[in-house]
Amino acid sequence: MPPSLRDRLLGRSPNGSTPASPPTDGTTPAAPGTAAAPIDSKVRVQTPGQPPSLAQVPPAEVSKIDPRSVRVAEVRMSAVDQLKLELHKKLVERLDLAALERITDEALLTTQIRNAVIEFIRAEQAPLSANEREEIVEQIIYEVTGLGPIEPLFRDHGISDILVNGPKDVYIERRGKLSRTNITFRDNAHLLTVIDRIVSRVGRRVDESSPMVDARLADGSRVNAIIPPLALDGPVLSIRRFGAELTAQDLVAKGAMTDQMLTLLAGCVLARLNILISGGTGSGKTTLLNALSSFIPAAERVVTIEDAAELRLQQDHVVRLETRPPNSEGRGEVMARDLVKNALRMRPDRIILGEVRSAEALDMLQAMNTGHEGSLATIHANTPRDAMARLETMILFAGTNLPNRATREQISSAIDVIVQVSRMADGSRRIVSITELTGMEGEIITMQEIFRYHRRGIATDGTVIGGFESTGVRPTFMERLRLAGAEIPSDLFTLR
């Protein structure tokens, strides 16, 4: 009869015997069909070429060891922690991962793994407490179904970024501040396994021929991985948590903008103004874009275009498109510009471009100027004026020979509002400027600032001191907002 799921998880054959796991000491593996020798939890197995474990060395000889030859993780581990680590490694080697991948129900998968691991630990008769045993079970579940050692970090929603600089250096960002954790991977191969698991789920690959990859997780978090030979100190993994749960009101509560600024931006979205969100890396551009998209009427058809899908729009009628890198033969690449052209044939009411990076800027501007109003996009730039200069440069990537004036006329007529976001020195993120493009004067695009954030200094605890203020300028698009039904108070732009 075929083996049960638990037998497959434990690597048992139908007759109940357990095949031997691959030896780690260079000895000959057991013959097929014979039972593996029981694992002695007190034995420390040393892989050839590895530095000695402290647990293998007599106490009298410890002082003679060069500290640089001992693994850092072992120096910090107690005897129980070392036993847990070795038992964890052996459990991973024994589990049949192929059998697990065929189970789609996550709850069933977790239950089956838990039962199998508990049975395995009991068979080993390891001297572990109930809490330590439960910790081992969770580590195995994370190893098989999640992100391995960093899975607990990923489940902590207070962490915005997880940065893995090789197997022994893991950093996190919490409330805008970076800090190092005590979490480690076993080695480079362990970290590569986790990276491959992430990228393979979205149809990407990472190997020596393609050592850089962008991917995403199921919740929309963006992932970047780069491996040797480009990364000199081992594989590097960067996970940037996407704040999809932050609504526009949440941003107001966190001090990213005021109610008056939100009222204006909501009216701009409702009135189908074209909005460009500008800012540096990690400044909150995508989070703001997702929050503003909540003001798009539910009856409209929205097409999103991204390099790595991370937008989480709340509307029902949303079509999500994603670019594709070339395959191993250098073929099959689909760029954002191709998707913008295709989106124009899909009868969109609005087009949302996750980020303008290259030649797709020209197609985006043409779409905005030919009836597809109400579009939103993000761009990397430090100021609204820099954003205009970057758009000009990107249009040149399209290979057109447009004169500078024609290019700027395209930009000034397509873009209505630029929202500049910034990450402050204390880690907070704020909208520092809302600027309207008013047209052209000669060869120059004219702008007028409506709201801004005025920084006054830094407090003794490192907090940025400042406040939002209105410039007293009334935007020229107020009539469009009125016709769209957006209720804007008359004193919204009073100089403050």
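Contact here means heavy atoms within 4.5 Å, and the model to which that criterion is applied on this tour is a predicted one.

**First stop: helix H13**

Select residues 360-369, which form helix H13, a mostly covered helix in which eight of the 10 residues are buried. The buried residues are Glu-360, Ala-361, Leu-362, Asp-363, Met-364, Leu-365, Ala-367 and Met-368. To see what lies over them, add helix H12 (336-343), strand E10 (350-353), strand E11 (376-380), helix H14 (384-397) and helix H15 (404-414), which are included in the cover of the buried residues of H13. Then step just past the helix to Gly-371, where the backbone takes a positive phi of about 105 degrees.

**Second stop: H12 against H13**

Keep H13 on display and bring H12 forward; the axes of these two helices come within 8 Å and cross at roughly 20 degrees. Because angles under 35 degrees count as roughly parallel, H12 is roughly parallel to H13, and their crossing is left-handed. Show the side chains of Ala-336, Arg-337, Val-340 and Lys-341 in H12, which meet Glu-360, Leu-362, Asp-363 and Met-364 in H13. The residues of this contact divide into four nonpolar, no polar and four charged.

**Third stop: strands E13, E14 and E15**

Move on to strand E13 (residues 429-441) and strand E14 (residues 444-458), which pair in the antiparallel sense over eight bridges. Met-440 has Ile-445 in E14 as its bridge partner. Two residues lie between the strands of this hairpin, in which Gly-442 takes a positive phi near 70 degrees.

Following the chain onward, select strand E15 (residues 464-470), which pairs with E14 in the antiparallel sense over seven bridges. Arg-452 can be found opposite Glu-469 in E15. In the hairpin of E14 and E15 there are five residues between the strands, and Gly-462 takes a positive phi near 90 degrees.

**Last stop: a six-stranded sheet**

Finally, display the open sheet of six strands whose order is E3-E2-E1-E6-E5-E4, with antiparallel pairing. Strand E3 (177-180) and strand E4 (212-216) stand at its edges, and each has a single partner strand, so one side of each is left without a neighbour in the sheet. From one strand to the next, the twist averages 15 degrees. At the E3 edge, zoom in on strand E2 (residues 170-174), which runs antiparallel to E3 and is joined to E3 by four bridges; here Arg-174 stands opposite Lys-177 in E3.

Conventions:
Residues numbered from 1 in each chain as written. Predicted model: local features only at pLDDT ≥ 70, side-chain atom pairs only at ≥ 80, totals over all residues. Heavy atoms only, no water. Buried < 20%, exposed > 50% of the residue type's maximum accessible area, 1.4 Å probe, protein only. Axes fitted to C-alpha atoms, helices over the stretch in contact; angles between N-to-C directions. Parallel < 35°, antiparallel > 145°, perpendicular 65-115°, else oblique. Left-handed = near helix turned anticlockwise from the far one by under 90°. Nonpolar A, V, L, I, M, F, W, Y, C, P; charged D, E, K, R; others polar. Pairing = 2+ DSSP bridges.
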